[in-house]
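Trainee: I am new to this structure and would like a close look at a single part, the open sheet. Could you take me through it slowly and then show me how the rest of the chain is arranged around it?

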Amino acid sequence: MYLISFDSLPNTNEFLVDLSKKDANSWTVIHAKNQTKGKGYAGNEWKVVAGENLTFSFLLKTDYSFQELIYFNEWISNVICLFLKQFHPKSNVKWPNDIILNDKKVCGILIENHRSNGIMNSVIGIGINVNQADFNHLPKATSIRKVTDKEYDIEEILADLMHHFENEYPILEQKNFEQIHQTYLDNLFRKDEISHFRLDGVEVDGIIRDVNEAGNLLIEINQELREFKHKEIELLF
């Protein structure tokens, strides 16, 4: 791991994407104590309290094709869930890219990919709520501190998480897609449970069953298995 830390950056992903197009190597990590223009999946804004949470990006270079990136994305979520289980056993993936700790959002992920000279360059941006205690305007959010009632050294959290990624990397490198996907399904929030959804402005009941190779969510509604892309349906929890 090659770590570069900043007191403040507009966006760690944008910084590392630019760096990856030059001469950055795998496991380059860009960490910012304060990220002023964070962004999440599908253009959503990611706001953090400066100095209280972990915002960073790291680079992996692989021979993955664009079609195989669904498993790359699942592997990233799996490792974060594994890391967070040391703080609470209920660590899950809320499709498509949120990590849930004890039934509330604790982490967001944004992965940006570009292929060059046969190499897939993947910049993985991760934001984890670590020491933030006030979520008055975000009732579905939490932090590691709120779950455990302890404060943490953010740099130690970063080092521990990256250690987990390095330990789990052989599964990704060997393309154990079946294992990656099964672990992802085991981690999937509210899988095989009756849940409430908002679909076309109407609340419906359904059961999450799977995520297909296109990365779309399969939900059983009225005994019919239906496929949904991101933002076509909302899980209410």
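Mentor: Before the sheet is described, one term is needed: two strands are said to pair if DSSP finds at least two bridges between them. Please also keep in mind that this is a predicted model.

With that in hand, the sheet can be read strand by strand: 7 strands form an open sheet in the order β1-β2-β3-β7-β6-β5-β4, and the pairing is mixed. The two edge positions are taken by β1 (2-9) and β4, and because each has a single partner strand, one side of each is left without a neighbour in the sheet. On average, and with direction ignored, neighbouring strands of this sheet are turned by 20° against each other. As background, strands of a sheet pair through backbone hydrogen bonds, either parallel or antiparallel.

At the β4 edge the pairing can be followed in detail, since β4 and β5 run antiparallel and are joined by 4 bridges. One residue to find here is K94, whose bridge partner in β5 is D98. The loop between β4 (91-94) and β5 (98-101) holds P96, and the peptide bond that joins W95 and P96 is cis, with omega at about 5°.

Two helices are next to be placed against these strands. Helix α2, made of residues 69-84, lies across β3 (54-62), β4, β5, β6 and β7, and runs at about 145° to β6. Helix α4, residues 154-173, packs on the sheet as well, where it touches β1, β2 (28-35), β3 and β7, and its direction makes about 25° with that of β3.

Moving on from β5, one comes to D103, which is found in the loop between β5 and β6 (104-116). Although D103 is not a glycine, it has a positive phi of about 75°; its relative accessible area is 33%, so D103 counts as partly exposed.

After β7 (119-128) comes another loop, which leads to α3 (144-148) and contains D134. The side chain of D134 makes a polar contact of 2.9 Å with the side chain of N136, while D134 is itself partly exposed, with a relative accessible area of 48%. To relate this loop to the start of the chain, compare D134 with I4: they are 130 residues apart along the chain, and their C-alpha atoms are separated by 29 Å.

Further along, Q223 offers another case of a positive phi, about 65°, in a residue that is not a glycine. Its place is in the loop between β10 (217-221) and β11 (224-228), and because the relative accessibility of Q223 is 77%, where exposed means over 50%, Q223 counts as exposed.

Finally, the sheet can be set within the whole protein chain, which has 5 helices and 12 strands. The C-alpha trace spans about 50 × 45 × 30 Å along its principal axes. For 237 residues, a compact globule would have a radius of gyration near 18 Å, and the protein chain, at 18 Å, agrees with this. Of those 237 residues, 49% count as buried, and the accessible surface comes to about 12,000 Å², of which 45% belongs to carbon and sulfur atoms. Among contacts between residues at least 6 apart in sequence, 61% join residues at least 24 apart.

How values were computed
Residues are numbered from 1 along each chain as its sequence is written. This is a predicted model: local features need pLDDT of at least 70, side-chain atom pairs count only at pLDDT 80 or more; totals for chains, interfaces and linings use all residues. Side-chain values use heavy atoms; hydrogens and water are left out. Buried means under 20% relative accessible area, exposed over 50%, partly exposed in between (1.4 Å probe, protein chains only). A polar contact is a pair of N or O atoms within 3.5 Å; within protein, one must be able to donate a hydrogen and the other to accept it, and residues adjacent in sequence count only if both atoms are side-chain atoms. Axes are lines fitted to C-alpha atoms, for helices over the stretch in contact, and angles run from 0 to 180 degrees between N-to-C directions. Contact means heavy atoms within 4.5 Å. The radius of gyration is taken over C-alpha atoms; the globule rule is 2.2 Å times the number of residues to the power 0.38. Accessible areas come from the Shrake-Rupley method with a 1.4 Å probe; for residues, only the protein chains shown count as cover.
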